[in-house]
Amino acid sequence: MPHLRKREGSPLSTTDEERTQLLAEKFFPQAPTAVIASDTQPNRILTIPPQVTAEEVQGVINGLPKGKTPGPNGIPNEVLRAINQEISQPMAAAISRAFAYGALPVSYKESITLALRKGGKKDYSLPSSYRPIALENTLAKVVEKVLANRIAIAAEEHGLLPWNQMGARKDRSTLSAISLLTTCVESAWKAHPGCVVSMLSLDIAGAFDNVPHAKLLWILEKKGFPTWLVNTIASFLHERRTRIAYAGYESDWIHTNTGIPQGSPLSPILFLIYISGLLEKLQTPDNDTLGFGFVDDTNIIAWGVSAEDNCRRLNAAHSQCEDWAEEHGAKFAPDKYQLIHFTRGRKQATEAQASSIRFGDYIIQPESTAIRVLGVWLDPKLTWKEYIA
């Protein structure tokens with residue numbers, strides 16, 4: 001890893017300790033402020049028992065991936081798989097007790113955070129060019145997966161997540177999200193020849209790293225999750241500590257008091273719960289606009305006779321997103337937004353390229369050749385030529 005600096009123009013770090021401090025400030029920012037309403041009474045309390053069966057534990061252990069680097073306890077997944085039959089019953093009893101008390105062992109909240117390079121960055125002396133990946137205690141990941149499964153099943157059975165929220169959900173894959181987008185575009189073109197469909201891709205700054213714990217727990221309570229489960233999630237989030245590691249170096253313990261740890265089986269479903277209110281604002285096609293999300297990627301589409309009209313609709317929908325962000329302690333990053341206008345008419349395509357959106361000091365210009373959505377390249381005419389290339 002090269003020497004790091006806080007921002008462009010700042011002096012470079014000279015020691016591993018200084019590098020660690022810069023990475024820690026980026027990976028584990030100060031907890032954002034969120035609005036916590038006084039009313040936490042849910043319409044119903046979901047029936048989710050804390051008791052765990054040996055069969056549940058066996059299923060989770062059998063599903064552990066091979067070849068993964070273990071966390072601080074050093075136990076590889078292959079070892080747990082090899083002794084699955086012997087440990088599943090006592091583990092089920094221990095997990096049941098932990099859930100009933102709403103508390104997880106301290107060692108289960110320890111991790112090693114790898115600082116991995118993001119691809120395609122111009123300056124690797126900036127901490128923003130690295131992403132944190134947590135290597136957790138292997139036994140902790142079993143416990144967290146058991147809990148994540150219960151939350152996910154309850155969320156689907158009781159309709160706790162909006163239909164337009166994709167990713168980390170059964171039958172809502174990347175393909176589902178791309179299919180929804182292309183179907184909307186092609187349906188609009190078919191219904192209204194000459195129609196222009198515009199899409200604004202948003203970016204939530206440090207999405208997982210900035211989730212306020214108090215707000216997430218409030219949402220869980222409001223959605224009706226039982227007390228034992230909310231307390232267990234609170235224990236999972238609080239008093240965590242980690243060591244930042246990169247080639248040839250591992251730091252002392254660093255306490256982390258905000259965000260959801262990336263690398264935990266619990267993180268994806270907890271983030272879906274946290275962001276569900278944003279997608280609920282965008283799930284009804286009011287004023288010819290609609291939104292859909294894939295974990296922390298959120299996209300808004302609008303359709304009409306011109307790209308200029310669509311931009312006005314997208315701006316209005318974005319105002320709703322900003323209202324959600326202010327209430328939930330989130331922050332959008334307009335400098336990373338992307339805009340594209342889908343149209344097959346030559347005249348409309350030429351006019352569309354002049355239609356941009358302004359958010360404060362940022363002007364989002366439309367992409368003329370292609371836009372990358374969930375790893376898929378989409379061109380304005382949906383010919384797929386850019387993706388094939």
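Let me begin with a ring and its charged neighbours: in this predicted model, R243 lies over the face of W253, at 4.1 Å from the ring centre. The charged end of R241 also sits over the ring of W253, 4.1 Å from its centre, and I would ask you to find W253 in the structure with both arginines in view.

From there I turn to contacts between rings. A pair of aromatic rings is described by the distance of the centres and the angle of the planes. The count in this model comes to 8 aromatic pairs. In one of them, the rings of F271 and Y274 have centres 5.9 Å apart and planes at 55°, so this pair is tilted, since an edge-to-face pair would need an angle over 60 degrees. F271 and Y274 are 3 residues apart in helix α9, residues 267-281, which means that about one helical turn separates them. Are these two residues buried or exposed? F271 is buried, and Y274 is buried as well. Ring pairs also link F271 and Y274 with F208 and W324 into a cluster.

Now to the largest pocket, whose volume is about 2,000 Å³. Its lining is made up of 48 residues, and those that lie nearest the centre are K118, D203, I204, G206 and K336. Two or more lining residues come from each of these elements: α1 (16-27), β2 (130-136), β4 (196-203), β9 (297-304), β12 (362-364) and β13 (371-373). As for the character of the lining, 21 of its residues are nonpolar, 10 are polar and 17 are charged.

Conventions. Residues are numbered from 1 along each chain as its sequence is written. This is a predicted model: local features need pLDDT of at least 70, side-chain atom pairs count only at pLDDT 80 or more; totals for chains, interfaces and linings use all residues. Side-chain values use heavy atoms; hydrogens and water are left out. On a 1 Å grid over the protein atoms alone, a cavity is a set of points where a 1.4 Å probe fits but cannot get out, and a pocket is an open set with protein on both sides within 12 Å along at least five of seven lines; lining residues have an atom within 4 Å of a point. Grid points are joined across faces, edges and corners, and a volume is the space filled by probe spheres set on the points. Helices (H or I, at least four residues) and strands (E, at least two) are DSSP runs, numbered from the N terminus. Ala, Val, Leu, Ile, Met, Phe, Trp, Tyr, Cys and Pro count as nonpolar, Asp, Glu, Lys and Arg as charged, and the others, Gly among them, as polar. Rings of Phe, Tyr and Trp (its six-membered ring) pair if their centres lie within 6.5 Å; planes under 30 degrees apart count as stacked, over 60 as edge-to-face and the rest as tilted. Buried means under 20% relative accessible area, exposed over 50%, partly exposed in between (1.4 Å probe, protein chains only). A charge sits over a ring if NZ of Lys or CZ of Arg is within 6 Å of the ring centre and within 35 degrees of the ring normal.
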